[in-house]
Amino acid sequence: MKKEAIKDNKIILKAEDLDGYLTPEDLSDLKRLDEMFKETMKSFEPVNEEKIVEGYDKLGKEMKEICEKHPNIKVFNFVTERNDHAECSRVISKLRDINTDHQEFLYYSQRAYEMLFRMAFTDKESKMKSHILVKTPVNFPIQNYAVHRIPNIDDKIENSVMCVMLRGALLPSMIFSKEIQEYSSHGYITPFALFKISRNDTKNESNMEYIMDLNKSFFDLEQLDGKDLIFADPMNATGGSLVTVVKYLQEQGVKPKSIKFFNTVSTLKGSIRVTRALPNCTCYTLWLDPVMNEKAYIMPGLGDAGDRLNGCDTKEAPRNIIQLIADYGNNITGLYRKQLFEIEKVVLG
């Protein structure tokens, strides 16, 4: 990775370095998608619903064909049974909707990450089975128990570390860690590594900079070496944040066993960049969007997922991680208590 250390112990990656991973065929595919989306946008104002539907149908087929050339890009509707597609469309449509409020957005985000977990770990038939023995509230005439069988996926999940790109990815990472805990026959709680990374929003997509602040990041390199690193970020627009973090870790001698990147919405360009730059990374996305605008925001997108999950910070008084967690309230902190304990350990030592 071409990077330079800047003052205050920060690491920077530039957009031109990311584009160096793309092949001529990748660039040709992405250019074709951009042209198709621009044609579809002509029907946005005034709204021509028939033309918009026709345009998105063509874009979907084109993206599916392109993804067939990229085995490490897994898109929910491209790799799951058709019966599951309606649920996916409903969840994504609610997340996109400008009228979806904060509580609804949180609910549908939880559903999205449950679906992504199933897609990656449980959708394929597993010969190995485990079971859950449950003590129920019924105690007459004797204490009752129930048994429920589940796939045994311990070997896939119990070497995992949740890697959080603060701040938008904090709650999705807690949700995903909770899924791992629930499916682990040992109740495995993932360790956490926290990376403070941001984009320079004064830049455009073509000259964007990704800045990781080591002073505000919390991680143990030894805890990451040889592990299955899991990143759960609602949005993957450019792929720059993930590549910045992982390349830095690799330069510190960390050799991950695998890397998995879970997104609610991703652009095709962001997914291709990630899998080209990091050959041992698999990108899982609930929905694939075709393009970004000049400011590197996904189109059609769903807005700023971090703000919709966490509320907006001001530049003058941004919240730290403790304040952010406190603002989640008792319902969230109670549900993810064990995850928060692991986060507390890595932050406070």
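This short talk describes salt bridges, cysteines, one helix and a few single residues in a structure.

Good morning. The model is a predicted one, in which local features need pLDDT of at least 70, side-chain atom pairs count only at pLDDT 80 or more, and totals for chains, interfaces and linings use all residues. Residues are numbered from 1 along each chain as its sequence is written, and side-chain values use heavy atoms, with hydrogens and water left out.

I begin with the salt bridges. A salt bridge here is a side-chain nitrogen of Lys or Arg within 4 Å of a carboxyl oxygen of Asp or Glu. By this rule there are 19 salt bridges. One of them joins D19 to R273, with the closest N and O atoms 2.6 Å apart. The two partners are 254 residues apart: D19 belongs to helix α1 (residues 15-19) and R273 to helix α11 (residues 268-277). Helices (H or I, at least four residues) and strands (E, at least two) are DSSP runs, numbered from the N terminus.

Is each partner buried or exposed? I call a residue buried under 20% relative accessible area, exposed over 50%, and partly exposed in between, using a 1.4 Å probe and protein chains only. D19 is partly exposed at 26%, whereas R273 is buried at 0%.

Helix α11 also holds R276, and its partner D26 lies in helix α2 (residues 24-41), 250 residues away. Their side chains meet in a salt bridge of 2.8 Å, N to O. Here D26 is buried, at 1% relative accessibility, and R276 is partly exposed, at 34%.

A further residue of helix α11 is K269, whose partner E205 sits 64 residues away in the loop between β7 (192-199) and β8 (209-218). The closest N and O atoms of K269 and E205 are 3.3 Å apart. K269 is buried at 18%, and E205 is buried at 13%. Elsewhere, salt bridges with shared partners connect E25, D29, R32, E62 and K69 into one network.

I turn now to the cysteines. A disulfide is a covalent bond between the sulfur atoms of two cysteines. In this model, a disulfide is counted when a pair of cysteine sulfur atoms lies within 2.5 Å. How many disulfides does this rule give? The count is zero. Why does C67 form no bond with C283? The sulfur of C283 is the closest cysteine sulfur to that of C67, but at 10 Å it is too far for a bond. For C283, the nearest cysteine sulfur is that of C281, 4.5 Å away, and C283 is in no disulfide. C67 is buried at 8% relative accessible area, and C283 is buried at 1%.

Next comes helix α5 (residues 85-96). At 1.5 Å a residue, its twelve residues should span 16 Å, and the end C-alpha atoms are indeed 16 Å apart. That expected span is 1.5 Å times one less than the number of residues. The buried residues of α5 are H85, C88, V91, I92, K94 and L95. Among the elements that cover them are α4 (76-79), α6 and β11 (258-267).

Helix α6 (residues 102-122) contains E114, which is partly exposed at 31%. E114 and E179 are 65 residues apart in sequence, yet 7.0 Å apart in space, C-alpha to C-alpha.

Finally, consider S130 in strand β4 (residues 129-135). S130 is buried at 13% relative accessibility. Leaving aside neighbours within four places in sequence, S130 is in contact (heavy atoms within 4.5 Å) with residues including H148, R149 and S185. Thank you.
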